[in-house]
Amino acid sequence: MPRPKKHYGQHFLHERGVIERIVAAIAPQPGDRVVEIGPGEGALTLPLLKAAGHLTAIELDTDLIEPLCARAAGVGELEVIHADALKVDLSALAKGGKLRLAGNLPYYVSSPILFHCLAHADAITDMHFMLQKEVVDRMAAAPGGKVYGRLSVMLQLACKVEPLLRVAPGAFRPPPKVESAVVRLTPLPPDQRPDPALAHAIDAVVRAAFNQRRKTLSNALRGLMDAAAIDAAGIDPRMRAENVAPRGYVALAQRMPASGLQPGPNLADNASQ
Ligand code: SAM
């Protein structure tokens with residue numbers, strides 16, 4: 001067994017009970033088009049493959065691919081794509097159908113992978129990902145709390161977010177320094193997601209609001225929109241970012257004058273806010 005590589009974020013699941021709970025949460029059915037990101041040594045791959053009959057795995061580490069294929073022999077039809085998950089066109093992989101994504105994601109690149117998947121939301125039925133628990137808490141946070149932020153808003157505008165289970169470091173080899181959690185993300189139907197034409201405005205307004213989350217919206221959004229425009233969106237300009245629900249940001253973006261639009265870097269670059 002090759003030594004786990006830190007630079008690939010390799011922490012292999014070994015606790016049977018945790019593996020069984022994740023597979024039960026995914027509940028793969030024969031014929032499902034399951035795609036696993038980062039199969040590693042196959043802890044999730046093999047039971048998922050057994051249940052679905054076919055699985056596509058995307059793995060970056062060359063050394064893991066041959067042993068994985070050997071382990072999968074006779075279990076089901078395994079297709080391995082040797083690539084960086086960020087470079088895989090998931091919509092093309094779906095071939096007009098829908099994918100079920102799963103993965104114990106490498107934490108060093110988990111936010112970019114998450115947002116890469118969201119960019120292909122129309123080709124995805126659901127996603128079950130293991131992430132740092134702290135990230136899952138922020139993804140699922142409701143308005144009003146300290147952890148509610150940019151990640152919460154952007155995720156909740158695109159998906160239903162359901163934290164499923166917490167996983168202690170001892171379930172992995174080697175154990176990571178932090179607690180982990182599994183989350184289910186179900187993309188909302190297109191008519192319940194914001195108009196793609198508003199994407200830049202939403203990004204700008206959410207970024208500005210949470211960059212200065214202690215300030216009132218009228219101060220934090222200065223330069224993007226004035227108090228009258230905030231008010232016209234149905235939002236009290238004296239509110240703070242953390243008290244505005246995700247749909248409130250859509251309303252603000254709709255009222256933002258075009259002059260305020262300066263596309264910034266993608267949230268995936270830094271989802272820490
Ligand atoms: N699924 C296995 C498990 O649960 O034991 C392994 C999980 S391990 C946390 C992350 C896996 O993602 C490793 O196999 C690693 O080599 C792979 N990986 C790292 N970066 C990747 C990338 N950019 N694209 C695809 N796979 C990647």
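Here is a short chat between a trainee and a mentor about a predicted model.

Trainee: What should I keep in mind before reading numbers off this thing?

Mentor: It's a predicted model, where local features need pLDDT of at least 70, side-chain atom pairs count only at pLDDT 80 or more, and totals for chains, interfaces and linings use all residues. Residues are numbered from 1 along each chain as its sequence is written, and side-chain values use heavy atoms, with hydrogens and water left out.

Trainee: Okay, the ligand: how many residues surround it, and which are the closest?

Mentor: A residue goes in that shell if one of its heavy atoms lies within 4 Å of the molecule. β1 (12-13) and β3 (54-59) each supply at least two of the shell residues; strands here are DSSP E runs of at least two residues, numbered from the N terminus. The shell holds 23 residues, and the closest are Leu13, Gly38, Glu59, Asn104 and Tyr108.

Trainee: How much of the ligand's area does the protein bury?

Mentor: Start with the N or O pairs, using the polar contact cut-off of 3.5 Å. A side-chain N or O atom of Gln10 is 2.9 Å from a ligand oxygen, and a backbone N or O atom of Gly40 lies 3.3 Å from an oxygen of the ligand. Taken alone the ligand exposes 590 Å² (Shrake-Rupley, 1.4 Å probe), and the share the protein buries is 99%.

Trainee: Is Ser110 buried or exposed?

Mentor: Ser110 sits in helix α5 (residues 110-118); helices are DSSP H or I runs of at least four residues. Leaving out residues up to four places away in sequence, Ser110 touches Leu105 and Leu131, where contact means heavy atoms within 4.5 Å. The cut-offs are under 20% relative accessible area for buried, over 50% for exposed and partly exposed in between (1.4 Å probe, protein chains only). Ser110 has 6% relative accessibility, so it counts as buried.

Trainee: Which helices do the buried residues of α11 pack against?

Mentor: Helix α11 (residues 246-255) is mostly covered, with seven of its 10 residues buried. Among them are Tyr249, Val250 and Leu252. Their packing partners are α7 (150-158), α8 (199-211), α9 (217-220) and α10 (227-232).

Trainee: Last one: which residue's backbone oxygen does the side chain of Arg240 reach?

Mentor: Arg240 is in the loop between α10 and α11 and is partly exposed, at 41% relative accessible area. Not counting residues up to four places away in sequence, Arg240 touches Arg213, Arg214, Lys215 and Leu217. At 2.6 Å, the backbone oxygen that its side chain reaches belongs to Arg214.

Notes
A polar contact is a pair of N or O atoms within 3.5 Å; within protein, one must be able to donate a hydrogen and the other to accept it, and residues adjacent in sequence count only if both atoms are side-chain atoms.
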